[in-house]
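Please walk me through the charged and aromatic side-chain contacts of this protein, with the cut-offs behind each term.

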Amino acid sequence: MTLINSKSEDLYMPKKQNIAIRIFRFYMEGFRNMTIGKTLWVIICIKLFIMFAILKVFFFPNFLGKKFDNPKDRQEYVIHELIERSVNP
């Protein structure tokens with residue numbers, strides 16, 4: 001007869017836990033056991049920071065915010081441009 005430790009059974013086969021908690025624990029355990037993966041995640045996070053924080057400032061200026069003060073004027077401009085570009089490609 002084999003004795004099963006209830007604590008180890010709960011770690012591997014949780015019976016009545018929320019699916020979100022089980023998914024979170026699955027990924028958390030995977031990240032804990034990574035060696036090279038942690039370095040790769042750091043590189044990915046640095047690249048995302050560069051793409052969204054730094055490049056946005058230099059290459060994607062706030063065109064509508066500088067050109068129009070009133071939000072209604074911005075809406076009209078965007079609607080006009082969308083209609084013009086769809087009629088005259």
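Glu81 has a relative accessibility of 23% and therefore counts as partly exposed, a class that lies between buried, under 20% relative accessible area, and exposed, over 50% (1.4 Å probe, protein chains only). This is a predicted model, in which local features need pLDDT of at least 70 and side-chain atom pairs count only at pLDDT 80 or more, while totals for chains, interfaces and linings use all residues. Residues are numbered from 1 along each chain as its sequence is written, and side-chain values use heavy atoms, with hydrogens and water left out.

Glu81 forms a salt bridge with Arg85, their closest N and O atoms being 3.5 Å apart; the term requires a side-chain nitrogen of Lys or Arg within 4 Å of a carboxyl oxygen of Asp or Glu. The two residues are four apart in helix H5 (residues 71–87), and so are separated by about one helical turn; helices are DSSP runs (H or I, at least four residues), numbered from the N terminus. Arg85 is exposed, at 61%.

The whole structure holds two salt bridges, and Glu29 takes part in one of them, with Arg32, at 3.2 Å between the closest N and O atoms. Here the partners are three residues apart in helix H2 (residues 19–32), again about one helical turn.

Turning to the rings, there are four aromatic pairs, where the centres of Phe, Tyr or Trp rings (for Trp, the six-membered ring) must lie within 6.5 Å, and planes under 30 degrees apart count as stacked, over 60 as edge-to-face and the rest as tilted. Among them, Phe26 and Tyr27 are edge-to-face because their planes stand at 80°, with centres 5.3 Å apart.
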